[in-house]
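Trainee: I would like to learn how to read the features of a model like this one. Where should I begin?

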Amino acid sequence: MTDSQRRDLLRLVWGHRLFGEGDIAVPGGDARVESPGYAPEVAAGEESAPGPDFVNAAVRCGGTVLYGAVRIDGRSSQWRDGGRMTNPAFDGVMFHVVCERDRVLVRDGREVRTLVLRPAPELEALYEELLGQSQRCGIGCAGFFGSLEAVEQGQILSRLVADRLRRKAAEVADIRRSLGGDWDETAYVCYLRSLGMGDRKRSYEALARSVPLRCFVRCAGDVRQAEALLMGQSGYLGVASPSDPKIREWQDIYLALKEEYGLRRPVVSWAGAGVRPASLPPSMLGRAASLLVRVPRLAECVREASAGGMQPLRDVFGHAEAGVSAEKVDLRIVNFVIPLLTAMGREAGDMGLQERALALYDEVAPEANRYTRLWSEAFDLRSAFDSQAVIQLCTEYCARGRCGECPVGALRLVRLWRMIGDGRR
């Protein structure tokens with residue numbers, strides 16, 4: 001069990017009071033938890049900031065009840081690591097709850113009040129069992145989730161989708177800041193980035209950043225020039241057969257435009273990102289070129305089309321990217337349009353636009369991949385809303401061993417332990 005996983009477990013044990021009176025000790029005295037407090041709320045669309053894990057906790061030390069915030073760590077020295085302990089956000093911390101007190105910490109000239117909490121060995125064993133199952137995409141939790149009431153399932157799915165969308169919208173916002181706040185340039189980079197999966201996203205983003213949007217505007221509707229730009233900058237023209245007349249035409253156009261626009265190949269090569277130029281599908285880059293010359297103001301186009309729901313958006317990509325399948329169009333909307341609109345809505349404080357973006361999930365069929373196939377045995381995935389929640393669960397929680405933070409894993413552990421506790425009593 002890693003330090004971060006032990007911290008997650010301790011947060012769960014403290015927050016849900018999964019401990020007995022004898023499980024907590026204060027060096028040189030005794031302690032009784034009157035209230036563990038509650039986790040600070042994070043506003044919708046906001047990222048969590050540094051600060052205590054719980055606020056308004058109440059602990060009786062001797063004959064006095066002390067009130068304040070709580071910081072949780074597996075070992076006391078973890079709070080000091082990286083200088084986090086000196087952050088003013090922790091000024092209200094009254095108690096430092098740890099499994100192991102390996103250091104005596106001093107803050108603002110005073111010894112930090114430390115509570116040593118040791119979870120029951122049986123509880124730790126249950127947690128380690130969950131961690132082992134998480135390596136197989138939380139297979140053990142799928143059955144548990146399927147047994148929950150529909151209301152509970154809906155609450156968990158909503159939280160997972162909100163987590164995923166918040167992260168994706170934050171990525172869009174970061175790209176926009178790096179581009180000087182230009183939404184059209186941002187939409188262009190995010191669109192190309194959405195063509196890739198996993199490490200390929202970075203490759204496509206590097207490609208987009210190496211060819212500014214103005215280059216496609218200057219193509220004045222000439223799809224051949226746009227194709228040549230993407231093919232050349234991606235490196236495909238360097239490995240394609242020069243005997244093909246179309247390849248030779250692209251090469252001639254690209255070399256002329258490269259010199260005219262002063263372009264340089266991406267710093268991150270395709271090979272370095274795990275993608276060989278020869279494995280890039282020319283048809284995908286060709287469809288992207290077609291869209292970019294026909295819809296140069298992609299951000300505004302997507303925003304206006306979204307007002308009419310799913311069909312106008314499907315028309316944008318279906319007509320501009322000739323030959324693309326309906327499934328691929330829907331993936332563009334899930335992976336590109338919804339995060340973009342959410343980020344635009346957050347930046348403008350437009351809740352209507354954010355809600356409109358979120359509603360699009362319900363109009364798309366659930367994705368079919370190894371995650372959804374596994375979890376479809378536990379419950380009926382009705383739309384992309386459900387499949388996005390499952391992908392978030394498997395990639396951000398199961399794959400990273402974050403069972404203590406996972407809304408499914410944490411609930412399962414709490415209920416298992418309370419059943420054991422009831423049996424003991």
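Mentor: Begin with a helix, and keep in mind that this is a predicted model. Helix α5 has 29 residues, and its first and last C-alpha atoms lie 42 Å apart, close to the 42 Å expected at 1.5 Å a residue. After α5 comes G180, with a positive phi near 80°.

Trainee: What span should helix α10 have, and what is the distance between its end C-alpha atoms?

Mentor: Helix α10 covers residues 245–261, which is 17 residues, so at 1.5 Å a residue it should span 24 Å; the end C-alpha atoms are 24 Å apart, in agreement.

Trainee: What is found at the start of α10, and which residue follows this helix?

Mentor: At the start, a side-chain oxygen of D244 comes to within 2.9 Å of the backbone nitrogen of K246. G262 follows α10 and has a positive phi, near 65°.

Trainee: How do I read the sides of a helix?

Mentor: An α-helix has 3.6 residues a turn, so residues three or four places apart point the same way. In α10 the buried residues are I247, W250, I253, Y254, L257 and Y261. Seen down the axis of α10, these buried residues fall within an arc of 130°, so they line one face of the helix.

Trainee: Which elements do the buried residues of α10 pack against, and which exposed residues are on the face turned away?

Mentor: The buried residues of α10 pack against α8 (213–217) and α9 (223–234). On the face turned away from the buried side are the exposed residues P245, D252, L255 and E259.

Trainee: How do I read a single residue, say R332: is it buried or exposed?

Mentor: Buried means under 20% relative accessible area. R332 has 6% relative accessibility, so it counts as buried. This residue lies in helix α14. Leaving aside neighbours within four places in sequence, R332 is in contact with Y191, L195, R287, F317, E321, V324 and V337.

Trainee: And how does C301 count?

Mentor: C301 counts as partly exposed because its relative accessibility is 21%. C301 is placed in helix α12 (residues 298–306). Its contacts, leaving aside neighbours within four places in sequence, are V295 and V316. From C-alpha to C-alpha, C301 and V316 are 8.2 Å apart, and they are 15 residues apart in sequence.

Trainee: How is empty space found, and what volume does the second largest pocket have?

Mentor: Rolling a probe the size of a water molecule over the atoms shows where empty space is left. The second largest pocket has a volume of about 970 Å³. It is lined by 35 residues, of which R164, K168, M197, K201 and N335 are the closest to its centre.

Trainee: Which helices supply the lining of that second largest pocket?

Mentor: At least two lining residues each come from α5 (150–178), α6 (183–193), α7 (200–210), α14 (326–348) and α17 (384–398). Helix α14 gives the largest share of this lining, 8 residues.

Trainee: How many cavities of 30 Å³ or more does the structure hold, and what lines the second largest cavity?

Mentor: There are 3 cavities of 30 Å³ or more. The second largest cavity holds about 40 Å³ of space. Its lining is made of F145, I156, L157, L160, W375, F379, A389, V390, L393 and V408. The elements that give two or more residues to this lining are α5 and α17.

How values were computed:
Residues are numbered from 1 along each chain as its sequence is written. This is a predicted model: local features need pLDDT of at least 70, side-chain atom pairs count only at pLDDT 80 or more; totals for chains, interfaces and linings use all residues. Side-chain values use heavy atoms; hydrogens and water are left out. Helices (H or I, at least four residues) and strands (E, at least two) are DSSP runs, numbered from the N terminus. The expected span of a helix is 1.5 Å times one less than its number of residues. Buried means under 20% relative accessible area, exposed over 50%, partly exposed in between (1.4 Å probe, protein chains only). The arc is that of the directions from the helix axis to the C-beta atoms. Contact means heavy atoms within 4.5 Å. A polar contact is a pair of N or O atoms within 3.5 Å; within protein, one must be able to donate a hydrogen and the other to accept it, and residues adjacent in sequence count only if both atoms are side-chain atoms. On a 1 Å grid over the protein atoms alone, a cavity is a set of points where a 1.4 Å probe fits but cannot get out, and a pocket is an open set with protein on both sides within 12 Å along at least five of seven lines; lining residues have an atom within 4 Å of a point. Grid points are joined across faces, edges and corners, and a volume is the space filled by probe spheres set on the points.
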